[in-house]
Amino acid sequence: MVDQDGPTLADALMQIGVPAAPVLSVSDALRHPHTVHRQMTIKIGDDYTGVASPIKLSRTPATYRLTPPIHTK
């Protein structure tokens, strides 16, 4: 199985009824169409991009005002 690429193997498994999906890198997962559609990334200012809340409430949506603190030693 090492010589097969993830998407091809996942498709073959799904065709025979096995739930499967390729493993994505973090950057690929953040650019995935499903991630984009669900608005799962946020941008604060010019230099911070993060993961948004997966909980989507219509009356009280999540807000993002500040970036996480940067800890230095």
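**Close-up views of a predicted model**

**View 1. Thr-35, a buried residue of helix 3.** In this predicted model, Thr-35 counts as buried because its relative accessibility is 15%, which falls under the 20% limit for that class. The residue belongs to helix 3, which covers residues 33–37. When residues up to four places away in sequence are left aside, Thr-35 touches Ala-29 and Leu-30, and it also touches Met-40 and Thr-41.

**View 2. The salt bridge between Asp-28 and Arg-31.** Side chains of opposite charge can pair when their charged atoms come close. A search of the whole structure finds one salt bridge, and in this model the side chains of Asp-28 and Arg-31 meet in such a bridge, with a distance of 2.8 Å from N to O. Both Asp-28 and Arg-31 are part of helix 2, which runs over residues 26–31, and they stand three residues apart, or about one turn of the helix. Asp-28 counts as partly exposed, with a relative accessibility of 36%, whereas Arg-31 is exposed because its relative accessible area is 56%, a value over the 50% limit.

**View 3. Gln-39 in the loop after helix 3.** Gln-39 is placed in the loop between helix 3 and strand 1, the strand being residues 41–44. Although Gln-39 is not a glycine, its phi is positive, at about 50 degrees. With a relative accessible area of 60%, Gln-39 is exposed.

Notes:
Residues numbered from 1 in each chain as written. Predicted model: local features only at pLDDT ≥ 70, side-chain atom pairs only at ≥ 80, totals over all residues. Heavy atoms only, no water. Helix = DSSP H or I, 4+ residues; strand = E, 2+ residues; numbered from the N terminus. Buried < 20%, exposed > 50% of the residue type's maximum accessible area, 1.4 Å probe, protein only. Contact = heavy atoms within 4.5 Å. Salt bridge = Lys/Arg side-chain N within 4 Å of Asp/Glu carboxyl O.
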